[in-house]
Amino acid sequence: MNESSQDKQVITAYGVSKVLDSEHPDFREGDLVWGTTGWEEFSLITETETHRKITYTDVPLSYYTGLLGMPGLTAYARFFELCSPKKGENVFISAASGAVGQLVGQFAKSIGCHVVGSAGSKDKVDLLKTKFGFDEAFNYIKKSMTWQLHCKGMKSKLFYVGNIALSVDWLTI
Ligand SMILES: NC(=O)c1ccc[n+]([C@@H]2O[C@H](COP(=O)([O-])OP(=O)(O)OC[C@H]3O[C@@H](n4cnc5c(N)ncnc54)[C@H](OP(=O)(O)O)[C@@H]3O)[C@@H](O)[C@H]2O)c1
């Protein structure tokens, strides 16, 4: 593929669409759906495996690209199904200001965990503390993670929700 044909490729990503016409038995004209689509005004969608019909429309449709879409499902499964800490336990999240990490942090706070996040800039760290309600956050580029967690009082076994390599694990320091 040369550079000019690459330039003409439509970017695809999860998005919200309104069905204008459909030969699929599950989707009808006028339905709202979320799933993989092109960043363009009109798309011809032939692969429908990722598409889900939107039945609750009393929330902003943009939620289906976040909390109610794939980032939300990923965060929910990672935190509640794989990790499943209890109230008062320590949860540490890397890439915490990302789409998934910020939701994991808010889920963890909602059940009363002590939540610490790491991110790669001061702005992201500020966001974690001021907007997403993390108890603590730090810039991992400034000092080592182990040292920072030690200083945040997380000296015992804790849940580590890693968003860089899709890991969910225990970390003991
Ligand atoms: N979003 C979804 O729907 C979804 C679904 C399934 C799986 N996942 C997986 O879950 C993980 C997190 O996804 P996300 O959507 O939350 O990611 P995101 O919003 O794109 O955030 C990714 C963050 O990872 C950090 N990072 C650290 N090292 C990096 C590197 N070498 N290259 C790029 N970023 C790096 C960066 O934050 P810092 O500057 O703070 O380091 C970056 O902002 C990814 O592994 C993704 O593949 C996501």
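**Exercise 1. The antiparallel strands**

Work out in which sense strand 1 and strand 2 (residues 32–38) pair, and over how many bridges.

*Solution.* Strand 1 and strand 2 run antiparallel to each other and are joined by seven bridges; strands here are DSSP runs of E with at least two residues, helices are runs of H or I with at least four, and both are numbered from the N terminus. Two strands count as paired if DSSP finds at least two bridges between them. The structure is a predicted model, in which local features need pLDDT of at least 70 and side-chain atom pairs count only at pLDDT 80 or more, while totals for chains, interfaces and linings use all residues. Residues are numbered from 1 along each chain as its sequence is written.

As a next step, locate one pair of residues: Ser-17 faces Val-33 of strand 2. Then widen the view to the open sheet, where three strands follow the order 1-2-3 with antiparallel pairing. Strand 1 (12–18) and strand 3 (52–53) each have a single partner strand and stand at the edges, so one side of each lacks a neighbour in the sheet.

**Exercise 2. Strand 5 and its partners**

Determine how strand 5 is joined to strand 4 (residues 90–93) and to strand 6 (residues 136–139), and state how many of its residues are buried.

*Solution.* Begin with strand 4, which runs parallel to strand 5 and is linked to it by four bridges; within this pairing, Ile-93 has Gly-117 as its bridge partner. Turn next to strand 6, which also pairs with strand 5 in the parallel sense over four bridges. Here Ser-118 stands opposite Phe-138, and Ala-119 stands opposite Asn-139.

The connections come next. Strand 4, helix 3 (residues 99–110) and strand 5 form a right-handed β-α-β unit, and strand 5, helix 4 (residues 122–130) and strand 6 form a right-handed β-α-β unit as well. Right-handed here means that, with the strands pointing away from the viewer, the path from the first strand over the helix to the second runs clockwise.

Finally, consider burial, for which a residue is buried if 20 or more other C-beta atoms, placed from the backbone, lie within 10 Å of its own, exposed if 12 or fewer do, and partly exposed in between. Six of the six residues of strand 5 (residues 114–119) are buried. In a regular strand the side chains alternate between the two faces of the sheet. In strand 5 both faces are covered, with His-114, Val-116 and Ser-118 buried on one side and Val-115, Gly-117 and Ala-119 buried on the other.

**Exercise 3. The largest nonpolar core**

Identify which of the 27 residues in the largest nonpolar core touch the most other members.

*Solution.* A nonpolar core is a set of buried Ala, Val, Leu, Ile, Met, Phe, Trp, Tyr and Cys residues joined through C-beta atoms within 7 Å. The residues sought are Val-91, Phe-92, Val-104, Ala-137 and Val-161. At least two core residues come from each of helix 2, strand 4, helix 3, strand 5, helix 4, strand 6 and strand 7 (158–161), and helix 3 gives the largest share, five residues. To follow one member further, leave out residues up to four places away in sequence: Val-104 then touches Ala-75, Arg-78, Phe-79, Ile-93 and Val-161, a contact being a pair of C-beta atoms, placed from the backbone, within 7 Å.

**Exercise 4. The shell around the ligand**

List the closest of the 16 residues that surround the ligand, and decide whether Ala-95 is buried or exposed.

*Solution.* The closest residues are Met-70, Ala-95, Gly-98, Val-100 and Gly-120, where a residue is counted if its C-beta atom, placed from the backbone, lies within 6 Å of the molecule. Helix 2 (70–83) and helix 3 are the elements that contribute two or more residues to this shell. Ala-95 belongs to the loop between strand 4 and helix 3, counts as buried because it has 21 C-beta neighbours inside 10 Å, and has a positive phi of about 45° although it is not a glycine.

**Exercise 5. Two loop residues**

Explain why Glu-23 and Ser-84 count as exposed.

*Solution.* Glu-23, in the loop between strand 1 and strand 2, is exposed because it has 6 other C-beta atoms within 10 Å. Its C-alpha atom is separated by 9.9 Å from that of Thr-46, which is 23 residues apart along the chain. Ser-84, in the loop between helix 2 and strand 4, counts as exposed because it has 11 C-beta neighbours inside 10 Å; its phi is near 50°, a positive value in a residue other than glycine.

How values were computed: Contact = placed C-beta atoms within 7 Å.
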